[in-house]
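Please read the points below with the sequence and the coordinates open beside you. They follow the order in which I would look through the entry myself.

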Amino acid sequence: MGPVELLHMSVFSQSFSPCGRFLAAGNNYGEIAVFSLSAALSPDATALNQKPVLTFTAHEGPVFSLLSTDCHLLSAGNGEISAWSWSELTKKVTWNIPEINSMTINPRDNSLVVGGGDNNIHVMDLENGVFKTVLQGHSDYVHCVTVREREAEILSGGEDGAVRLWGEINTGVCVFQVCARPQYGKWISCVTTDSDWMLCGGGPSLSLWHLRSLSPTSIFNLSGCQRQSTFHQDLILTVGEGAFVSHCLLGGEVKAQIPCTPQSLNTLQLNNNSTEHRVLTVGGSSDRIDVFTNLSYRAFSLRF
């Protein structure tokens with residue numbers, strides 16, 4: 001890949017291998033790069049160890065979502081989901097769906113939950129690779145999906161500004177009406193949960209909601225749109241427009257903003273699959289993926 005392509009590269013998605021020793025990252029050119037964390041984190045690591053051990057073309061368009069199961073790396077782009085065996089990453093199985101923006105696994109029934117460009121959520125049985133359910137309710141395409149494991153509920157956020165809860169009783173929350181920022185639009189780009197709590201944001205401000213009462217408890221004063229957020233111990237970590245990872249307290253205070261290499265961020269991942277390689281990785285509008293061995297500073301960058 002030439003210098004012009006590298007200059008215009010964006011990293012949209014990441015996923016750690018089941019063993020936690022490898023990181024897969026997907027970019028806007030349809031490529032997936034696999035990095036060895038054990039080599040990159042070695043005390044005698046060189047610049048070569050921060051390059052991929054494998055790069056391959058997975059999709060014709062951007063790789064919007066990556067997800068790992070015990071045996072497979074799942075990738076999604078414009079119109080298809082591909083399953084790649086972690087033991088042999090050049091072999092794949094493919095399913096077709098309109099543009100896929102987000103995927104997650106529901107461990108309760110071993111199903112794959114997919115948010116699509118057709119405004120629907122599709123649920124696949126991972127045992128036989130058959131789609132068993134289509135959830136309809138969004139009036140525009142779905143940006144993000146997550147699973148509230150304890151309640152076996154699926155949550156989805158869409159371009160229509162709604163977060164929908166899918167379970168025994170399907171409900172919806174119009175986040176944009178409560179946390180509106182008209183200059184950014186009403187779209188919801190990130191949703192995540194922790195027990196009875198939900199984080200969501202995008203055009204509307206990032207906000208923390210109590211799911212039993214369906215009411216917001218904190219609204220975070222962050223500039224720009226947040227694209228991915230996660231709970232971590234007593235913190236909320238979030239990335240979006242801006243060259244930094246924001247550390248927020250549950251009460252709404254922005255505690256710190258840690259500088260990153262990309263000027264705009266799309267994805268962050270915490271490696272909980274390996275205690276030896278427990279890192280935070282973030283990627284965005286750059287060919288570099290920043291690695292944090294300590295949440296307070298960037299240790300180094302992996303490069304496509």
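1. What radius of gyration would a compact globule with 304 residues have, and what does the protein chain have? The model, which is predicted, has a radius of gyration of 18 Å, and this agrees with the value near 19 Å for a compact globule with 304 residues. The C-alpha trace spans about 50 × 45 × 35 Å along its principal axes.

2. In secondary structure, the protein chain has 28 strands and 3 helices. Among contacts between residues at least 6 apart in sequence, 42% join residues that are at least 24 apart.

3. On burial and surface, 54% of the 304 residues in the protein chain are buried, while the accessible surface comes to about 13000 Å², with 47% of that area belonging to carbon and sulfur atoms.

4. The largest nonpolar core has 15 residues, of which Leu23, Ala25, Phe35, Ile289, Leu302 and Phe304 touch the most other members. At least two residues of this core come from each of β1 (11–16), β2 (22–27), β3 (31–36), α2 (37–40), β27 (288–292) and β28 (300–303). A second, separate core of 13 residues includes Leu237, Leu268, Leu270 and Phe292. In soluble globular proteins, nonpolar side chains tend to be buried together.

5. Phe304 deserves a separate look. Leaving aside neighbours within four places in sequence, Phe304 is in contact with Ala25, Phe35 and Ile289, among others, and these three are named with Phe304 among the core residues that touch the most other members. The contacts of Phe304 also include Leu6, Met9 and Val11, as well as Asn27, Glu31, Lys51 and Asp287.

6. For residues 135–166, UniProt (unreviewed entry) gives the feature "repeat: WD". Over this stretch the model is 62% strand and 0% helix, and the end C-alpha atoms are 8 Å apart.

7. Asn106 lies in strand β9 (residues 100–106) and is buried, with a relative accessible area of 6%. Beyond neighbours within four places in sequence, Asn106 is in contact with Ser111, Val113 and Val147, and Val147 falls within the annotated stretch at residues 135–166.

8. How many disulfides does a search of the whole structure find? The search finds 0. For Cys71, the closest cysteine sulfur is that of Cys19, which at 12 Å is too far for a bond. Cys71 is partly exposed, with a relative accessible area of 47%, whereas Cys200 counts as buried because its relative accessibility is 0%.

Methods
Residues are numbered from 1 along each chain as its sequence is written. This is a predicted model: local features need pLDDT of at least 70, side-chain atom pairs count only at pLDDT 80 or more; totals for chains, interfaces and linings use all residues. Side-chain values use heavy atoms; hydrogens and water are left out. UniProt positions are given in the numbering used here, feature names are shortened, and annotations may be inferred rather than shown by experiment. Helices (H or I, at least four residues) and strands (E, at least two) are DSSP runs, numbered from the N terminus. A nonpolar core is a set of buried Ala, Val, Leu, Ile, Met, Phe, Trp, Tyr and Cys residues joined through side-chain atoms within 4.5 Å. Buried means under 20% relative accessible area, exposed over 50%, partly exposed in between (1.4 Å probe, protein chains only). Contact means heavy atoms within 4.5 Å. The radius of gyration is taken over C-alpha atoms; the globule rule is 2.2 Å times the number of residues to the power 0.38. Accessible areas come from the Shrake-Rupley method with a 1.4 Å probe; for residues, only the protein chains shown count as cover. A disulfide is a pair of cysteine sulfur atoms within 2.5 Å.
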